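Grab a pencil and work through these exercises with the model open beside you. Try each task before you read its solution.

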Amino acid sequence: MPSHERRRLLRASAAALATVGATGCLGGGDRDGSPDREETATDAGTTVEPTADGRTTGEVTETRTAHGDPESSALPESAVKSVADARVGVANPVARPAVAYDSIMGSSGVLAPDGAQFVVAAVQTDTGSGLDAAGPPSYDAFDLVAGGERFPAVEIEKRTTGAFTTSLGGRGEIKYADPYANSGGERRVGWVAFEVPSPLTADSPAIRCRHGGASAVWRLPEETAAALGRRAPRFELRSFDATVGDGAGVELSLVAENATGVAGEFLAAVYWPTAAVADDDESHIVRESVDPNGRVEWSETVNTGYAASSEGTVTASVEGCVSGETTVSLSETATQSSQ
């Protein structure tokens, strides 16, 4: 994570950490898939465009400041439904075999489950004080229904680095219904995530919320539903190296190949361990569109001034569509790789 982003997130979380307890684990609920009363269906995807007076219409988009900080707009009214005593908004779902995330007190990273994929959507709810990411309903009130199967909202925190995850898959600013979701009185946009088989072909897949004996569903847009049913590419790591250069720099480089005849996105996080903050290794997100049987070649020079080393040896790693490690001695030019 870039240093300016890390400082911004740490400042934003300071007040929350002082007043709110540690994040709890939420269960997945039952898997019977039985419908509740008052169930309705609309498409969950539209794109929000700001009007001249600053309001938004349509679907959610993500804008970025000059520093690259994400700023999510509020969800459009067209995405909001009444579920018992709550107003629930679900918008902009995406289906991806790998997703990037940001963390408080931790590096950015990538989750790429083997044989599975994620559906991530932006969520806000309102029980009387305005739309925000705090809930209720609870996080496990949401599930994804497809082809007669039910997939509960999934927990990811044990698979990520840092104190807690902020943005996931480019959706929202914090996990929906997280204890920190309404800290500082800010009306944040949350995210909810589902992990499903890859590929998954089903008629009219939808996100459902069940709360207070009522329910509502948001059908996935055609493009997202089609993405669920597509076979994902499989990447193989050909090399991952660290080379000592002139001055206080080490060049990290990787080569990966698409081992299938399917085009898709390569997504991985390269970590360089730093000693400045124990759980805050420097990370670099590698994201490229790759043709069938195509090749990814990436390199970047990192500063060794704050490297966390053991007897002068530093181990860098890559996680995501591929995984591996490479070890470099800062006092020598030789490197040793393991994959």
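**Exercise 1. The core**

Leaving aside its neighbours within four places in sequence, which residues is Phe142 in contact with?

*Solution.* Before we start, a word on the model: it is predicted, so local features need pLDDT of at least 70, side-chain atom pairs count only at pLDDT 80 or more, and totals for chains, interfaces and linings use all residues. Residues are numbered from 1 along each chain as its sequence is written, and side-chain values use heavy atoms, with hydrogens and water left out.

Step 1: look for contacts, meaning heavy atoms within 4.5 Å. Phe142 has Val88, Val90, Val123, Pro152, Ala153, Tyr176, Val192, Phe194, Ile207, Arg208 and Cys209 as its partners.

Step 2: put Phe142 in its setting. Phe142 and Leu144 have the most contacts inside the largest nonpolar core, which holds 53 residues. A nonpolar core is a set of buried Ala, Val, Leu, Ile, Met, Phe, Trp, Tyr and Cys residues joined through side-chain atoms within 4.5 Å. Buried here means under 20% relative accessible area, exposed means over 50%, and partly exposed is in between (1.4 Å probe, protein chains only).

Step 3: find the other core. Apart from the largest one lies a core of 23 residues, including Phe240, Ala256, Phe266 and Val296. In soluble globular proteins, nonpolar side chains tend to be buried together.

**Exercise 2. The overall make-up**

How many helices and strands are there in the protein?

*Solution.* Step 1: count the DSSP runs, numbered from the N terminus: helices (H or I) need at least four residues and strands (E) at least two. You should get two helices and 25 strands.

Step 2: check burial. Of the 339 residues in the protein, 47% are buried.

Step 3: see how far apart the partners sit in sequence. Take the contacts with a separation of 6 or more: 67% of them are between residues 24 or more positions apart.

**Exercise 3. How far to trust it**

Which element has the lowest mean pLDDT, and which the highest?

*Solution.* Step 1: recall that pLDDT is the predictor's confidence in each residue, from 0 to 100. Strand S3 (residues 56-58) comes lowest with a mean of 32, and strand S16 (residues 206-211) highest with 98.

Step 2: spot the low stretches. Residues 1-38 have pLDDT below 50, though the model still gives this stretch 65 contacts beyond near neighbours in sequence. Residues 333-339 also stay under 50, with 20 contacts beyond four places in sequence.

Step 3: zoom out. The protein's mean pLDDT is 79, and 73% of its residues reach 70 or more. Where pLDDT is low, the predicted coordinates should not be read in detail.

**Exercise 4. Two loops that hold surprises**

Where does Ser138 lie, and which residues does Ser138 touch, not counting those up to four places away in sequence?

*Solution.* Step 1: Ser138 sits in the loop between strand S10 (116-126) and strand S11 (142-146). Ser138 counts as partly exposed because its relative accessible area is 33%.

Step 2: Ser138 touches Tyr176 and Ala177. Between the C-alpha atoms of Ser138 and Arg210 there are 9.4 Å in space, with their positions 72 residues apart in sequence.

Step 3: follow the trail to Ala177, in the loop between strand S14 (174-175) and strand S15. Ala177 has a positive phi of about 65 degrees, although it is not a glycine. With 21% relative accessibility, Ala177 is partly exposed.

Step 4: look back at the loop between S10 and S11, where you also find Pro136. The peptide bond from Gly135 to Pro136 is cis, with omega near 5 degrees.

Step 5: move to the loop between strand S15 (190-197) and S16, home of Pro199. Another cis peptide bond joins Ser198 and Pro199, with omega about 0 degrees. The loop between S15 and S16 also holds Ser204, whose phi is positive, near 50 degrees. Ser204 is exposed because its relative accessible area is 53%.

**Exercise 5. One more loop residue**

Is Gly213 buried, partly exposed or exposed?

*Solution.* Step 1: find Gly213 in the loop between S16 and strand S17 (214-219).

Step 2: read off its accessibility. Gly213 is partly exposed because the value is 42%.

Step 3: compare sequence and space. Gly213 and Val83 are 130 residues apart in sequence, and their C-alpha atoms are 8.5 Å apart.
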